[in-house]
Amino acid sequence: MVSTIGILGAGRVGTAIGRAALGAGYAVNIAGSGAGADIELLVDIVVPGARAMSARDAVADADLVIVAVPLHKFRTISPGMLAGKIVIDTMNYWEPIDGRLDEFERDARTSSEIIRDYFPEARVVKTLNHIGYHELETDGLPAGHEERRAIAVAGDDDAAVAVAMQLIERFGYDAIYSGPLQTGTAFQPGTAIFGGRHSADELRAQLALASGQRPLSGAQLA
Ligand SMILES: NC(=O)c1ccc[n+]([C@@H]2O[C@H](COP(=O)([O-])OP(=O)(O)OC[C@H]3O[C@@H](n4cnc5c(N)ncnc54)[C@H](OP(=O)(O)O)[C@@H]3O)[C@@H](O)[C@H]2O)c1
């Protein structure tokens, strides 16, 4: 069972996820690129209730780790630190922010597969990348609500995916499994899913379209 979440990145996304996680009843450790003391004041104000720590300490006792650093900085995270951990990769390749990164330009795979290769012993799940950080806290709704949004989840490790999906549900969203990590290409920047608002049925239909299948009918989706 997940009780403590470690967040790498105390920026826009990391702090929004931190608040959502605290609201959902999790304990939250959060880290920037330096010592915990460097972000203590920020965390007290922006994510009250979270514990500001170094990256190493933030992940050490975490049951689930969220990586929310700019993509061009992912190699500043030590891969050994995440060995064996369930890791949610929220990162996107976005040239205006990241600059041109040849390894992502040349590689047709989802950015999360490149991340997985860098963290070979981590149990990487791709999700939370296609909702704006400013929407995460405002758009969550109880299960069954007719306006509840859906969020896609891709990953190769079934148990890790199940944990990530439970987190999404507790944040107030329908978690929709898209398939193995490679299916994350369906909800990267530039896709119909990225940045749009979708119900569970709409998201399943978009994922089916992206995978080359015919969209499932309402009855099949029920
Ligand atoms: N904008 C959105 O709505 C959105 C939504 C979903 C996903 N995303 C993706 O989420 C990622 C983060 O975006 P953001 O807007 O939150 O970035 P941001 O505001 O620039 O914050 C980045 C944070 O990462 C920290 N950091 C850098 N290297 C680190 C390391 N090695 N260990 C721990 N922390 C480290 C930075 O700390 P320092 O200040 O100490 O360097 C900073 O706190 C991006 O890949 C983005 O594409 C964005």
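Okay, let's start at V2: apart from neighbours within four places in sequence, V2 is in contact with Y26, D63, L64, V163 and L167. Contact here is a C-beta to C-beta distance within 7 Å, with the C-beta atoms placed from the backbone. Before I go on, this is a predicted model, where local features need pLDDT of at least 70, side-chain atom pairs count only at pLDDT 80 or more, and totals for chains, interfaces and linings use all residues. Numbering runs from 1 along each chain as its sequence is written.

So where does V2 sit? V2 is in the segment before β1 (4–8). When I say strand or helix, I mean DSSP runs numbered from the N terminus: E over at least two residues for strands, H or I over at least four for helices. Is V2 buried or exposed? Neither, quite: V2 is partly exposed, because 16 other C-beta atoms lie within 10 Å. The cut-offs are 20 or more such atoms within 10 Å for buried, 12 or fewer for exposed, and partly exposed in between. V2 also has A27 at 9.3 Å, C-alpha to C-alpha, with their positions 25 residues apart in sequence.

S3 is in that segment before β1 too. S3 counts as exposed because it has 11 C-beta neighbours inside 10 Å. Leaving out residues up to four places away in sequence, S3 touches Y26, A27 and D63. A21 is 18 residues from S3 in sequence, and the C-alpha atoms are 9.9 Å apart.

Now the sheet. It's an open sheet of eight strands in the order β3-β2-β1-β4-β5-β6-β7-β8, with mixed pairing. The edge strands, each pairing on one side only, are β3 (51–52) and β8 (174–179). Pairing here takes at least two DSSP bridges between two strands. As a reminder, strands of a sheet pair through backbone hydrogen bonds, either parallel or antiparallel.

Let's walk across from β2. Strand β2 (residues 27–31) and β1 run parallel, joined by five bridges, and T4 stands opposite A27 there. On to β4: four bridges join it to β1, again parallel, with G6 opposite V65. Then β4 and strand β5 (residues 86–89) are parallel over three bridges. V65 has V87 as its bridge partner in β5, and V67 has D89. Next, β5 pairs with strand β6 (residues 123–126) in the parallel sense over four bridges, and I88 is matched with V125.

What about the faces of these strands? In a regular strand the side chains alternate between the two faces of the sheet. Strand β4 (residues 64–67) is covered on both faces: L64 and I66 are buried on one side, V65 and V67 on the other. In β5, I86 and I88 point one way, V87 and D89 the other way, and all are buried.

Next, the ligand. Which residues come nearest to it? Out of 26 residues around the ligand, those are G9, G11, V13, G32 and M91. Near means a C-beta atom, placed from the backbone, within 6 Å of the molecule. Helix α1 (residues 12–23) gives the largest share of that shell, three residues. By class, the shell has 13 nonpolar, 11 polar and two charged residues. Here Ala, Val, Leu, Ile, Met, Phe, Trp, Tyr, Cys and Pro are nonpolar, Asp, Glu, Lys and Arg are charged, and the others, Gly among them, are polar.

Zooming out to the chain: we have 10 helices and eight strands. The radius of gyration is 17 Å, close to the 17 Å from the globule rule for 222 residues, so the chain is as compact as a globular protein of that length. That's over C-alpha atoms, and the rule is 2.2 Å times the number of residues to the power 0.38. The C-alpha atoms fill a box of roughly 55 × 40 × 30 Å along the principal axes. Of the 222 residues, 45% count as buried. Among contacts with a separation of 6 or more, 62% are between residues 24 or more positions apart.

Last, confidence. The mean pLDDT is 95, and 95% of the residues reach 70 or more; pLDDT is the predictor's confidence in each residue, from 0 to 100. Over residues 217–222 the pLDDT is below 50, and that stretch has four contacts in the model beyond near neighbours in sequence. Where pLDDT is low, the predicted coordinates should not be read in detail.

Terms used
Two residues are in contact if their C-beta atoms, placed from the backbone, lie within 7 Å.
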